[in-house]
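The exercises below ask for a reading of one protein chain, from its overall dimensions down to single residues. Each task is followed by a solution that proceeds step by step.

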Amino acid sequence: MTEPLLEARDLTKNYGTVEALRGASFTAYPGEVVSLIGDNGAGKSTLVKCLCGVEQPTGGTVLFDGKPLTLNSPNDARDRGIETVFQDLAVAPDLDPAANMFLGREILKPGLLGRLGVLDKKAMRRQAVEHFTRFGATLQSIDVPIAALSGGQRQSVAVARSVAWASKLVFMDEPTAALGVVQRERVLDVIKRVRDEGIAVVLISHNMPEVLSVSDRVEVLRLGRRVARFKAAETTVEELVGAMTGALSQEDAA
């Protein structure tokens with residue numbers, strides 16, 4: 001296997017007296033889907049927030065392309081080609097899907113109008129439609145606010161936006177949670193296509209069959225630490241659940 005794209009070593013994260021991460025480690029390689037699983041409270045979302053710039057770890061080391069990495073904001077992560085689909089989607093409800101797609105990356109009109117800050121809404125709309133079509137986001141309308149779309153459609157916009165801009169790595173925190181069967185399969189297909197383009201995908205999910213169907217590897221967190229790693233093709237749902245709950249020891253899982 002190639003050198004890790006992203007590596008977290010012994011990360012800690014404290015919120016006052018609460019230890020959310022207790023020496024958590026994690027590794028993602030280029031061109032793979034690695035799932036991060038664990039029971040509620042295991043530290044999955046906290047770890048992802050520390051790795052995409054939303055939070056700063058209390059201690060430990062993060063390496064990206066073999067070099068120490070410090071992220072002070074999600075913009076720092078985006079500048080390095082790291083995108084995230086957050087569990088709460090992080091979309092702007094009053095803006096339409098195209099505006100959400102280009103939020104923070106707005107296209108300006110050429111010439112003087114652009115220098116005055118006038119947006120090229122037609123160009124953004126056209127490119128947004130291309131992105132949504134490419135990534136299987138079926139929307140009832142692209143001209144209505146996100147708040148007027150169904151939960152599944154909002155989820156599709158968030159997924160399409162992240163994978164459209166990711167050049168190195170994309171985190172997906174429960175990306176299929178609000179989706180129906182057809183939309184879920186489309187998202188899983190998108191994940192595989194992104195992986196095949198050489199981009200690392202980190203999937204956080206409670207759906208174990210889904211994890212095994214799309215992942216190359218699985219890493220397990222429990223009580224703020226990584227307790228097991230598996231090759232997806234060589235494990236079972238029972239083994240994953242055993243590692244999550246502690247019924248399977250670290251030695252058994254190694």
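Helices (H or I, at least four residues) and strands (E, at least two) are taken here as DSSP runs, numbered from the N terminus. The coordinates belong to a predicted model, and in its chain there are ten helices and ten strands.

**Exercise 1. Overall form**

Task: Determine how the radius of gyration of the chain relates to that of a compact globule, and describe the extent of the C-alpha trace.

Solution: Begin with the globule rule, which is 2.2 Å times the number of residues to the power 0.38. For 254 residues the rule leads to a radius near 18 Å, and because the chain has 19 Å, the value agrees with that of a compact globule. Next, take the principal axes, along which the C-alpha trace spans about 65 × 40 × 35 Å. Then turn to the contacts with a separation of 6 or more, of which 64% join residues 24 or more positions apart.

**Exercise 2. Surface and charge**

Task: State what share of the residues is buried, what the exposed area consists of, and how far apart the mean positions of the two kinds of charge lie.

Solution: With buried meaning under 20% relative accessible area, buried residues account for 48% of the 254 residues. The chain exposes about 12100 Å², and carbon and sulfur atoms supply 49% of that area. Finally, the 30 positive and 32 negative charges have mean positions that are 6 Å apart.

**Exercise 3. Two cysteines**

Task: Explain why C50 forms no disulfide with the closest cysteine sulfur.

Solution: The criterion is a pair of cysteine sulfur atoms within 2.5 Å. The closest cysteine sulfur to that of C50 is in C52, and because the separation is 8.6 Å, the two are too far apart for a bond. C52 is likewise in no disulfide, its nearest cysteine sulfur being that of C50, and the structure as a whole holds zero disulfides. As to burial, C50 has a relative accessible area of 4% and is therefore buried, while C52 is buried with a value of 2%.

**Exercise 4. Two residues of helix α6**

Task: Locate S156 and A160, decide whether S156 is buried or exposed, and identify what each touches beyond four places in sequence.

Solution: S156 is found in helix α6, which comprises residues 151–165, and A160 lies in helix α6 as well. S156 counts as buried because its relative accessibility is 6%, and A160 counts as buried at 1%. Leaving out neighbours up to four places away, S156 touches A137, L179 and Q183, whereas A160 is in contact with M101, F132, F135 and A137. A160 can also be placed relative to T133, which is 27 residues away along the chain, with 9.1 Å between their C-alpha atoms.

**Exercise 5. Helix α9 and positive phi angles**

Task: Identify the buried residues of α9 and what covers them, and then examine phi at G246, D10 and E174.

Solution: Helix α9 runs over residues 237–245, and L240, G242, A243 and M244 are buried in it. Their cover includes β3 (33–37), α8 (208–214), β9 (217–222) and β10 (225–231). Just after α9, G246 takes a positive phi of about 95°.

Most residues other than glycine have a negative phi. D10, in strand β1 (residues 6–15), nevertheless has a positive phi near 55°. E174 is not a glycine either, and its phi is positive at about 50°. The loop between β7 (169–173) and α7 (181–196) holds E174, which counts as buried at 10% relative accessibility.

How values were computed
Residues are numbered from 1 along each chain as its sequence is written. This is a predicted model: local features need pLDDT of at least 70, side-chain atom pairs count only at pLDDT 80 or more; totals for chains, interfaces and linings use all residues. Side-chain values use heavy atoms; hydrogens and water are left out. Buried means under 20% relative accessible area, exposed over 50%, partly exposed in between (1.4 Å probe, protein chains only). Contact means heavy atoms within 4.5 Å. Accessible areas come from the Shrake-Rupley method with a 1.4 Å probe; for residues, only the protein chains shown count as cover. Lys and Arg count as positive and Asp and Glu as negative; His and the chain ends are not counted. The place of a charge is taken as NZ of Lys, CZ of Arg, CG of Asp or CD of Glu.
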